[in-house]
Amino acid sequence: MATLQAATTSTGAIVSDPQAVRELCETYCFGTLNWEVTEEGELTIWGHDDFEVYEARENGLPDYDGGIVTHEFLREVADHLEVDEELDIQTAGFTKCRFPVLAKRYVVRDGEVLHADLSSLEPIDE
């Protein structure tokens, strides 16, 4: 059985209400990823896993039946970011030498959520 090997890291972004963001993060499961909201209100996410977010069941385990809710989580986080703050979350990984490799990025800023991965190609100008 092949195992995904991935790493996720984020920039730190200052949130307007640290306690509300802590409570928000506690209602979701991030797999083996870690998250922290410091006393100064800086939110960061990191760890050795893919950045996928699930809602948490009452027992704290992920609700896989509900599906991945990463976009919903990030839209909620967007409502709490301070003006001019940006949360940039990046994941890179692989499963053995199989194609394709995993690379994706989420950027939360100015009330919107942006996503990028390796699926789009652009021509190179001469």
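Here are some friendly notes on the aromatic contacts, salt bridges and surface charge in this predicted model.

1. **Aromatic pairs overall.** Searching the whole structure turns up four aromatic pairs. One of them joins Tyr28 and Phe73 in an edge-to-face arrangement, with 5.2 Å from centre to centre and 65 degrees between the planes. This contact links distant parts of the chain: Tyr28 sits in strand E3 (residues 28-29) and Phe73 in helix H2 (residues 70-78), 45 residues apart.

2. **A second ring against Phe73.** How are the rings of Phe30 and Phe73 arranged? Their centres are 5.2 Å apart and their planes stand at 80 degrees, so this pair is edge-to-face; the angle clears the cut-off of over 60 degrees. Phe30 belongs to the loop between E3 and strand E4 (34-37), while Phe73 is in helix H2, so the contact ties together parts that are 43 residues apart in sequence.

3. **The cluster as a unit.** Taken together, Tyr28, Phe30 and Phe73 make up one aromatic cluster. Are its members buried or exposed? Tyr28 is buried, at a relative accessible area of 10%. Phe30 is buried too, at 4%, and Phe73 is buried with a value of 0%. Because the cut-off for buried is under 20%, each of these residues falls within it: Tyr28 at 10%, Phe30 at 4% and Phe73 at 0%.

4. **Salt bridges around Arg57.** Moving on to charged side chains, the count of salt bridges comes to six. Which residues does Arg57 meet in this way? One partner is Asp63, with an N to O distance of 3.4 Å. Another is Asp65, with 3.3 Å from N to O. As for exposure, Arg57 is partly exposed, with a relative accessible area of 38%, whereas Asp65 counts as exposed at 71%.

5. **A bridge between strands.** Arg109 and Glu86 also form a salt bridge, and their closest N and O atoms are 2.8 Å apart. This pair again links distant parts of the chain, since Arg109 is in strand E8 (residues 102-109) and Glu86 in strand E7 (residues 86-95), 23 residues apart. Both ends are partly exposed: Arg109 has a relative accessibility of 31%, and Glu86 has a relative accessible area of 30%. Returning to the bridges of the previous point, shared partners join Arg57, Asp63 and Asp65 into one network.

6. **A negative patch.** Where does negative charge gather on the surface? Glu55, Glu72, Glu76 and Asp79 form a patch of negative charge there. Asp79 lies in the loop between H2 and E7 and counts as exposed, with 62% relative accessibility. Patch members are residues without a salt bridge, so Glu55, Glu72, Glu76 and Asp79 take no part in the salt bridges described above.

Methods:
Residues numbered from 1 in each chain as written. Predicted model: local features only at pLDDT ≥ 70, side-chain atom pairs only at ≥ 80, totals over all residues. Heavy atoms only, no water. Phe/Tyr/Trp six-rings, centres within 6.5 Å; stacked < 30°, edge-to-face > 60°. Helix = DSSP H or I, 4+ residues; strand = E, 2+ residues; numbered from the N terminus. Buried < 20%, exposed > 50% of the residue type's maximum accessible area, 1.4 Å probe, protein only. Salt bridge = Lys/Arg side-chain N within 4 Å of Asp/Glu carboxyl O. Patch = residues over 30% accessible without salt bridge, like charges linked within 9 Å, V, L, I, M, F, W, Y side chains within 5 Å. Areas by Shrake-Rupley, 256 points an atom, 1.4 Å probe, with all protein chains shown as cover. Lys, Arg positive; Asp, Glu negative; His and termini not counted. Charge placed at Lys NZ, Arg CZ, Asp CG, Glu CD.
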